[in-house]
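Here is a protein chain to explore, with its sequence and its fold side by side. Have a look around first, and then we'll walk through some of the contacts that link one part to another.

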Amino acid sequence: MAARVYSQNQVACPDIGPICLVRDEPPQLQKTTVWVTELRLLAEYGLISGLGVQGVLPLKLVDRRTVRSDLSGNQLTLDYEDIHQPDRTIAGLGDAQLYLHGALAPLGLQLGWRAGVSFPLGEVGPNPEEREAHGLTHEHVQFGTGTFDPVLGMDLSRSFGSWSLAGFAHAQ
């Protein structure tokens, strides 16, 4: 799975960051593009007909790039650290999940269900709001929840010869 997120915002002192304590910075226009990619490794073992155990391990990659300009559109190169939108790529494990996975085939449909728990393997960084309040670089992207959480899933599909129609729901 990959998703692209784009945001554009105008910032001014004091929201630009700690540099505003040293000098007055003119307002900026920030155009940020974030690519979020996730690869899931999945293993399943059948216990009996229609029932198995499934494990999922997500690998995550997040790439953020920000183009800054003055309000006239002239591109800026910062001579200070941007504590809010630094250009960076981060990667790591997400929270693993272990499910009991069942399947049925009622009325020509394929129905699957999953019930299980997520394990807090994904990195959870320091509170970004607290770090921001102290003028420190911070990261809002977290790869995990830091807790064991219940997870539920359901999928429903129907085959139509050489193609099929499917839907999937997942809750954590």
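Let's start with K60 and E38, which form a salt bridge with their closest N and O atoms 3.4 Å apart. K60 sits in strand β3 (residues 51-69) and E38 in strand β2 (residues 28-48), so this pair ties together parts that are 22 residues apart in sequence. Keep in mind as you read that this is a predicted model.

How open to the outside are the two partners? K60 has a relative accessible area of 24%, so it is partly exposed. E38, at 12% relative accessibility, counts as buried, because buried means under 20%.

How many salt bridges does the structure hold? There are 9 of them. Three are set out here, K60 and E38 included:

| Salt bridge | N to O distance | Relative accessibility of each partner |
|---|---|---|
| K60 and E38 | 3.4 Å | K60 24%, E38 12% |
| R88 and E139 | 2.9 Å | R88 23%, E139 14% |
| R23 and E25 | 2.5 Å | R23 33%, E25 12% |

Now take the R88 and E139 pair, whose closest N and O atoms are 2.9 Å apart. R88 lies in strand β4 (residues 88-93), while E139 is in the loop between α2 (128-133) and β7 (149-160), so the bridge ties together parts that are 51 residues apart in sequence. R88 is partly exposed at 23%, whereas E139 is buried at 14%.

The side chains of R23 and E25 meet in a salt bridge at 2.5 Å, N to O. That pair has company, too: R23, E25 and D79 are linked in a network of salt bridges. Within it, E25 counts as buried at 12% relative accessibility, and R23 counts as partly exposed at 33%.

Next, the residue Y80. Which residues does Y80 contact, once you set aside its neighbours within four places in sequence? The answer is I16, I19, R23, E25 and Q28. Two of those names, R23 and E25, should ring a bell from the salt-bridge network. Two others, I16 and I19, join Y80 in the largest nonpolar core, which has 5 residues in all, with V11 and C20 completing the set.

C20 has a second role to look at. It is joined to C13 by a disulfide, with the two S atoms 2.0 Å apart. A search of the whole structure finds 1 disulfide. The link of C13 and C20 is left-handed, with -80° about the S-S bond. C13 counts as partly exposed, at 28% relative accessibility, while C20 belongs to that largest nonpolar core.

On to the strands. β3, the home of K60, runs antiparallel to strand β5 (residues 96-104), and 6 bridges join the two. In this pairing, Q54 stands opposite Y99 in β5. β5 also pairs with strand β6 (residues 110-119), again in the antiparallel sense, over 9 bridges. Here H101 stands opposite R114 in β6. What sits between β5 and β6? The two strands form a hairpin with 5 residues between them, and L107 in the turn has a positive phi of about 55°. A handy thing to know while you look at strands: in a regular strand the side chains alternate between the two faces of the sheet.

Now for the start of the chain. M1 lies in the segment before β1 (2-11) and counts as exposed, at 64% relative accessibility. M1 and V36 are 35 residues apart in sequence, and their C-alpha atoms are 8.2 Å apart in space. Not counting residues up to four places away in sequence, M1 touches V36, T37 and E38. That last one, E38, is the salt-bridge partner of K60.

Finally, zoom out to the whole chain. There are 2 helices and 8 strands, running β-α-β-β-β-β-β-α-β-β from the N terminus on. The radius of gyration is 22 Å, well over the 16 Å that the globule rule gives for 172 residues, so the chain is more spread out than a compact globule. Along the principal axes, its C-alpha atoms fill a box of roughly 70 × 35 × 20 Å. Buried residues make up 28% of the 172 residues. Of the contacts with a separation of 6 or more, 59% are between residues 24 or more positions apart.

Terms used
Residues numbered from 1 in each chain as written. Predicted model: local features only at pLDDT ≥ 70, side-chain atom pairs only at ≥ 80, totals over all residues. Heavy atoms only, no water. Salt bridge = Lys/Arg side-chain N within 4 Å of Asp/Glu carboxyl O. Buried < 20%, exposed > 50% of the residue type's maximum accessible area, 1.4 Å probe, protein only. Helix = DSSP H or I, 4+ residues; strand = E, 2+ residues; numbered from the N terminus. Core = buried A, V, L, I, M, F, W, Y, C linked by side-chain atoms within 4.5 Å. Contact = heavy atoms within 4.5 Å. Disulfide = S-S within 2.5 Å. Pairing = 2+ DSSP bridges. Rg over C-alpha atoms; globule rule 2.2 N^0.38 Å.
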